[in-house]
Amino acid sequence: MDVLIPNLGDIDEVEVIEITVSPGDQLQKNDSLIVIESDKASMEVPCPSDGVVEEILVTVGDMVGEGHLVAKIRELDVTNSEQSDLQELPDISGEESVTNDIASPNRIDFLIPDLGNTSRATVKELLCKPGQKVTAGSKLILLEADEEELEITSEFDGVLVDVCLSENQLVSSGDLVAQMESDAVLEENQPIDKAIAPADQESSDDKEVILPNAASVYAGPAVRRLAREYGVTLQEISGSGKRGRITKDDLKAHVKNRLSNVTKSTFNQGLPEVETINFSKFGETSSLALSRIQQVAAKNLHASWVNLPHVTQHDKVDVTDLEDFRSVLNAEVEDAGGKITPLAFILRASCLVLQDYPIFNSSLESSGTSVLVNQFFNIGFAVDTPEGLVVPVIKEADKKGLRQISSEISDLSEKAREKKLGMNDLQGGTFTISSLGALGGTGFTPIVNAPQVAILGVARMDIEPVWTGDQFSPRKILPLSLSYDHRVINGADGGRFMNSLTRLLGDIRRLSL
Ligand code: CAO
């Protein structure tokens, strides 16, 4: 049997972005064969009946239109009246089917299309809800970007099973808007109420995996379904496909890696559970929802804390001269409105020390038998925002001077607080600095931003009496705390790193060497 590309509504051509089967695979009716994508939607082309894949006639990247031959299937059960089965599959355009062996896509993902000159837009209004029946042309959401409005419409008929965005959310091209079951599959496979059950009635298994942050994950329906079966959260996987799309191979590699880590590591097993206490028995309570950023940070911090054996070393450095120099610099840049904070010096100095001790700029490979040493120095710094902690990254910080580092710290922290950071601003860090600075404290234990292996904590500088040989002098003293992954770095390395860093910050002439 020939499987052809179905009617694509208004779209002339779509790109083949994933092939989910190989010749010889035995499939059941409606199993996904390939995934196709326009700039607004991705969808599976399913196998029209039980059978064995004889031949796949497209490759990833091919542009195909309605009626294009996708695959040849050898049917397994001819008594099952292939003809009548296929005729029952309605055309997704709503027009009469012209070819019996054209498959109908089942699950369709609507995506944010290319946004032209801008990379982000805001969801101004949701015009649809889960459970709603839509037809081609129905409005789904209204976006606003650069003071212009843009409507996202459905290109197919069907029922929305999920709407993955909320109003005021920032979105980028490729983010998931909504998921739809085409009429064909609903009529054929399941009662409508099963497909459109509202979120709080849906099986918890399904929801746990798909719903949280679904919009930030770019993956096709087949991958999403498989992830559900494996119990994998797609947010954990970085996609190798075009525009970061998670492919089936990415998912399989992730599962394989997770299984091998589970068997290798006993560290995370048998964690005693924390007792749950019903505090409302003792007095009034209220519930405070964690923001998405806080939830992601919590997951990452916990993973790092339980997986990495942490050691923290504390030190202090006399930064009186640095502060004098900083005042001079700041007086010079005052008119321009710029400000150089101690963090710029600390970041610059850290880059120089990392170059001397590259093991601090590395990651432990998952095999546990080697360390991947990064030859570039991308320094992340923690920013406290009303939504939670975010860590933007200054790329190739070793190639930048104090003024540039300073202006990037200020630009990135402003973007972070205005929720304007893009993925690129947050990725690729090789070492992190967490500066509590003026917020206080004499030292703390920063948690390593795994898979990095080290993080520098900066507490509040204070004036302390320092013995200069014949008297106590008031000096500005800055406390530093270095946490590291003890599997990769030992105490002597930590000591050398801190000595080098405090030498540089204590005598800033060395920063120019
Ligand atoms: N000791 C004393 N004062 C300090 C200092 C230090 N270690 N570091 C900075 N300061 C001063 C600055 O000089 C500035 O003083 P003026 O206003 O007089 O110029 C003031 O504190 C405020 O600095 P800043 O916060 O605007 O700038 P920054 O470069 O020091 O820090 C940023 C930028 C984004 C790191 C910071 O604003 C921030 O969000 N810090 C919190 C990070 C955090 O939460 N870490 C914990 C993570 S673990 O939960």
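Which backbone atom lies 3.1 Å from a nitrogen atom of the ligand? I looked this up before anything else, bearing in mind that the model is predicted. The atom is a backbone N or O of Ser435.

**Entry 1: the ligand**

I next noted how much of the ligand is covered. On its own the ligand has 970 Å² of accessible area, and the protein covers 69% of that area. I then listed the elements that give two or more residues to the shell around the ligand: H9, strand S21 (383-385), helix H10 (402-417) and strand S24 (431-435). The greatest share comes from H10, which gives 3 residues.

I recorded two side-chain contacts as well. Thr341 places a polar side-chain atom 2.5 Å from an oxygen atom of the ligand. Ser434 places a polar side-chain atom 3.0 Å from a ligand nitrogen atom.

The shell holds 23 residues, and those that come nearest are Thr341, Asp384, Arg417, Ala459 and Met461. I sorted the shell by residue class and obtained 13 nonpolar, 5 polar and 5 charged residues.

**Entry 2: the cavities**

I searched for enclosed space. Rolling a probe the size of a water molecule over the atoms shows where empty space is left. The structure has 3 cavities of 30 Å³ or more, and I chose the second largest for inspection, with its volume of about 40 Å³.

Which residues line the second largest cavity? I found Val319, Leu322, Glu323, Pro342, Ile346, Met461, Leu478 and Leu505. By class, this lining has 7 nonpolar residues, no polar residue and 1 charged residue. Helix H8 (320-333) and helix H9 (342-356) each contribute at least two residues to the lining.

I marked two links to the previous entry. Met461 belongs to the lining of this cavity, and Met461 is also listed among the residues that come nearest to the ligand. Helix H9 supplies residues to the cavity lining and also gives two or more residues to the ligand shell.

**Entry 3: the sheet of 8 strands**

I turned to strand pairing. Strands of a sheet pair through backbone hydrogen bonds, either parallel or antiparallel. I traced an open sheet of 8 strands in the order S7-S2-S4-S5-S9-S16-S14-S11, and its pairing is antiparallel. Strand S7 (63-65) and strand S11 (133-134) stand at the edges with a single partner strand each, so one side of each has no neighbour in the sheet.

At the S11 edge, I checked the pairing with strand S14 (residues 158-163), which is antiparallel and rests on 2 bridges. Lys133 is the residue opposite Val159 of S14.

**Entry 4: the sheet of 4 strands**

I traced a further open sheet, of 4 strands, ordered S1-S8-S6-S3 and paired in the antiparallel sense. Its edge strands are strand S1 (2-4) and strand S3 (26-27), each of which pairs on one side only.

I followed strand S8 (residues 69-75) through its partners. S8 pairs with S1 over 3 bridges, antiparallel. Within that pairing, Asp2 is opposite Lys72, and Val3 has Ala71 as its bridge partner. S8 also pairs with strand S6 (residues 51-56), antiparallel over 5 bridges. There the bridge partner of Val53 is Ile73.

**Entry 5: backbone geometry**

I closed with the backbone angles. Most residues other than glycine have a negative phi, and most peptide bonds are trans.

Where does Asn30 lie? I placed Asn30 in the loop between S3 and strand S4 (32-37). Asn30 is not a glycine, yet its phi is positive, at about 80°. That loop runs between S3, an edge strand of the sheet of 4 strands, and S4, a member of the sheet of 8 strands.

I also recorded a cis peptide bond between Ala450 and Pro451, with omega of about 10°. Pro451 belongs to the loop between S24 and strand S25 (454-458). I noted that S24 is one of the elements giving two or more residues to the ligand shell.

Technical notes: Residues are numbered from 1 along each chain as its sequence is written. This is a predicted model: local features need pLDDT of at least 70, side-chain atom pairs count only at pLDDT 80 or more; totals for chains, interfaces and linings use all residues. Side-chain values use heavy atoms; hydrogens and water are left out. On a 1 Å grid over the protein atoms alone, a cavity is a set of points where a 1.4 Å probe fits but cannot get out, and a pocket is an open set with protein on both sides within 12 Å along at least five of seven lines; lining residues have an atom within 4 Å of a point. Grid points are joined across faces, edges and corners, and a volume is the space filled by probe spheres set on the points. Ala, Val, Leu, Ile, Met, Phe, Trp, Tyr, Cys and Pro count as nonpolar, Asp, Glu, Lys and Arg as charged, and the others, Gly among them, as polar. A residue is near a molecule or strand if one of its heavy atoms lies within 4 Å of it. A polar contact is a pair of N or O atoms within 3.5 Å; within protein, one must be able to donate a hydrogen and the other to accept it, and residues adjacent in sequence count only if both atoms are side-chain atoms. Accessible areas come from the Shrake-Rupley method with a 1.4 Å probe; for residues, only the protein chains shown count as cover. Two strands pair if DSSP finds at least two bridges between them.
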